[in-house]
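Morning, everyone. I have one structure to go through, and I will keep to what can be read from the coordinates.

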There are 2 protein chains.
Amino acid sequence: MSLDRMIDGVITKQNPTVVGLDPKLEYIPDYIKQDCFTKYGKTLEGAAAALFTFNKGLIDALYTIVPAVKPQCAYYEMYGWQGMKALHDTIAYAKQKGLFVITDGKRNDIGTTMEAYAIAHLGQVEVEGESYVSFDGDALTVNGYLGSDGILPLLNICGQEDKGIFVLVKTSNPSSGELQNINLYNQKSVYLTMGQMCEIWGERYIGKYGYSAVGAVVGATYPKQLEELRTTLPHTFFLVPGYGAQGGGADDVALGFDQRGLGALINSSRGIMCAWQKYGFAERDYAKAAVEEAVRMRDEIINRIGTIG
Amino acid sequence: MSLDRMIDGVITKQNPTVVGLDPKLEYIPDYIKQDCFTKYGKTLEGAAAALFTFNKGLIDALYTIVPAVKPQCAYYEMYGWQGMKALHDTIAYAKQKGLFVITDGKRNDIGTTMEAYAIAHLGQVEVEGESYVSFDGDALTVNGYLGSDGILPLLNICGQEDKGIFVLVKTSNPSSGELQNINLYNQKSVYLTMGQMCEIWGERYIGKYGYSAVGAVVGATYPKQLEELRTTLPHTFFLVPGYGAQGGGADDVALGFDQRGLGALINSSRGIMCAWQKYGFAERDYAKAAVEEAVRMRDEIINRIGTIG
């Protein structure tokens with residue numbers, strides 16, 4: 001268990017970024033939506049088909065350029081179980097194209113319930129002796145508020161598989177400090193305390209690059225904290241949201257990397273999905289616009305941090 | 001927006017409990033499983049059909065006795081989108097029987113993503129001018145680690161509907177103290193700080209009983225903290241897991257109630273779902289066993305706290 005497969009992809013593609021697949025209907029070109037609504041009606045099925053078709057186009061265009069995609073569960077759950085089928089289909093398609101899939105679910109619970117989430121998103125489920133995969137991502141984002149009882153079941157379940165998790169440490173949103181920035185009796189912040197738990201949880205799962213299977217989510221919008229955490233948590237790989245639309249730039253995210261250009265995977269969702277709208281591309285060129293934006297983002301970061309690995 | 005409908009049910013049925021619907025295949029009688037596997041194969045569809053059939057039997061037997069049910073998302077997600085369809089069907093069936101449904105998802109995210117979760121679990125989704133419900137619970141459990149950005153979108157979305165949320169404050173598991181019990185620079189614990197945020201978030205959504213739409217999850221396994229929080233958070237209704245299997249008893253949970261017998265809803269999941277196995281009932285009497293256990297639990301708590309309302 002580790003994040004090595006993900007890091008291999010980052011080095012091979014010389015690209016430390018991940019594309020968020022957070023499809024809202026308003027991001028999707030009309031020709032896709034109309035086609036799906038004609039086939040399945042203006043229904044949850046129709047919407048779910050549009051999400052998957054849109055994603056497929058993005059994946060087909062991006063899989064040689066980026067190492068990973070990050071579907072956000074909420075945007076699929078919003079369209080009911082039909083939407084969850086689109087999540088399943090998206091993950092399966094991305095993996096078939098060799099992409100590393102981070103399922104952004106921020107799941108959290110305890111004991112056997114957390115085990116059920118681990119099985120749902122990273123493992124296999126048994127039905128009377130038959131084995132099935134349910135969503136089958138390569139990594140899952142999780143929330144550590146419940147302590148070790150919410151994390152260890154994931155590590156147990158994934159012990160045999162080459163999979164990992166990302167624990168929320170310092171999130172990118174404006175109000176993230178309300179709890180995360182408070183100093184404890186010992187002068188350490190809540191986010192640093194959570195980060196240090198990641199180092200402990202990951203200690204037995206360190207891969208060939210020195211990073212463990214337990215990563216952390218640290219927002220690009222807080223560069224000072226990103227730098228502090230990079231220094232303090234040497235074995236914890238960072239998933240970094242907040243680049244682009246939320247305000248983080250290349251100088252900010254650079255602080256999340258180590259000397260080898262490893263240690264951080266920078267996410268962009270809307271920036272890439274909606275590039276066709278922002279730059280006035282024709283609808284049918286939405287994937288081409290996504291590629292241009294993904295390349296621009298890659299180059300911007302690589303120019304700043306240098307060759308990776 | 002409030003928890004008034006839930007509290008109305010508690011008073012009418014004189015029963016401050018909620019039945020957790022966390023169906024694992026091993027809890028389900030063989031005759032149900034075999035029937036479903038014959039119809040749908042030993043597949044995710046077959047498993048999902050067994051979950052729903054099992055739940056339907058429980059709901060049919062319990063809906064006159066308990067005011068609420070609490071399906072735990074993880075046990076449905078484990079069986080893929082097919083399992084999520086069973087979650088949808090379970091919620092719809094329980095609501096049709098007049099039960100208040102708390103979807104236990106512990107969801108968390110920010111901004112438009114949290115809005116998507118709010119729509120998924122409490123609201124309605126638009127598809128080209130058509131409106132659909134996705135999962136449509138009455139309340140959702142959420143995790144507040146991300147601060148207000150993760151909570152306000154729920155309140156906005158549900159502002160028009162009579163729905164509520166329960167924020168994790170002090171959870172029932174052994175390791176809950178790793179983060180939640182740490183004292184901050186101001187001597188207040190993390191869990192108390194989160195609890196006080198619930199009071200602030202709920203301030204504009206206080207219902208006729210004096211409780212707001214923003215409840216809190218507080219475990220029965222920490223009676224001292226339950227008592228402290230009941231005193232400190234006068235407008236926050238508690239969802240209390242940890243009764244029975246996890247070790248909390250009637251004396252413990254009694255500390256979560258106010259003078260009127262309101263303020264807490266005590267959850268039992270395995271205790272009720274698995275009563276037929278524990279007490280050696282015939283398979284086909286699983287729902288009868290659940291009723292006996294639910295009545296026993298109700299009476300045990302009512303004997304301790306007195307008439308409600």
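I will take the strands of chain B, then a lysine, then the interface, and finish with salt bridges.

First, a caveat: this is a predicted model, and side-chain atom pairs count only at pLDDT 80 or more.

Start with strand S2 of chain B, residues 68-71. Are its faces covered or open? Covered, on both sides: Ala68(B) and Lys70(B) are buried on one face, and Val69(B) and Pro71(B) are buried on the other. On one flank, S2(B) pairs with strand S1, residues 17-21 of chain B, in the parallel sense over four bridges. Within that pairing, Val19(B) has Val69(B) as its bridge partner. S2(B) also pairs with strand S3, residues 100-107 of chain B, again parallel, over two bridges. There, Ala68(B) sits opposite Phe100(B).

Next, Lys24(B), which belongs to the loop between S1 and helix H2 of chain B. This lysine is buried but makes no salt bridge. The nearest side chain of opposite charge is Glu26(B), at 4.1 Å. The cut-off for a salt bridge is 4 Å, so a pair at 4.1 Å is not counted. Setting aside neighbours within four places in sequence, Lys24(B) contacts Tyr75(B) and, in the other chain, Thr112(A).

That brings us to the interface. Chain B and chain A each put 71 residues into the contact. The buried area is about 5900 Å², with carbon and sulfur atoms giving 61% of it. Which three residues supply the most on the chain B side? Trp81(B), Glu128(B) and Tyr145(B), with 14% of the area that chain B buries against chain A. On the polar side, there are 43 residue pairs in polar contact between the two chains. By element, helix H6, residues 111-122 of chain B, gives the largest share of the side that touches chain A, at seven residues. The interface also has four salt bridges. Asp109(B) forms a salt bridge with Lys106(A), with the closest N and O atoms 2.8 Å apart.

Now salt bridges more broadly. Over all chains the structure holds 38. In chain A, Glu77(A) and Arg107(A) meet at 2.9 Å, N to O. Glu77(A) is in helix H4 and Arg107(A) in strand S3 of chain A, so this pair ties together parts 30 residues apart in sequence. Both residues are buried.

In chain B, Asp8(B) and Lys208(B) form a salt bridge at 3.2 Å. Asp8(B) lies in helix H1 and Lys208(B) in the loop between helix H9 and strand S8 of chain B, 200 residues apart. Asp8(B) is partly exposed, at 24% relative accessibility, whereas Lys208(B) is exposed, at 59%.

The last pair is Asp60(B) with Lys97(B), at 3.7 Å between the closest N and O atoms. Asp60(B) is in helix H3 and Lys97(B) in the loop between helix H5 and S3 of chain B, so the bridge connects parts 37 residues apart in sequence. Asp60(B) has a relative accessible area of 36% and Lys97(B) one of 26%, which makes each of them partly exposed.

Helix H3 of chain B also holds Gly57(B). Why does this glycine count as buried? Because its relative accessibility is 19%, and the limit is under 20%. Beyond its neighbours in sequence up to four places away, Gly57(B) touches Tyr286(B) and Ala287(B).

That is what I have.

Definitions and conventions:
Residues are numbered from 1 along each chain as its sequence is written. Chains are lettered from A and ligands numbered from 1 in the order in which they are written. This is a predicted model: local features need pLDDT of at least 70, side-chain atom pairs count only at pLDDT 80 or more; totals for chains, interfaces and linings use all residues. Side-chain values use heavy atoms; hydrogens and water are left out. Buried means under 20% relative accessible area, exposed over 50%, partly exposed in between (1.4 Å probe, protein chains only). Two strands pair if DSSP finds at least two bridges between them. Lys and Arg count as positive and Asp and Glu as negative; His and the chain ends are not counted. Contact means heavy atoms within 4.5 Å. Buried area is the accessible area (1.4 Å probe) that two parts lose on being put together, summed over both. A polar contact is a pair of N or O atoms within 3.5 Å; within protein, one must be able to donate a hydrogen and the other to accept it, and residues adjacent in sequence count only if both atoms are side-chain atoms.
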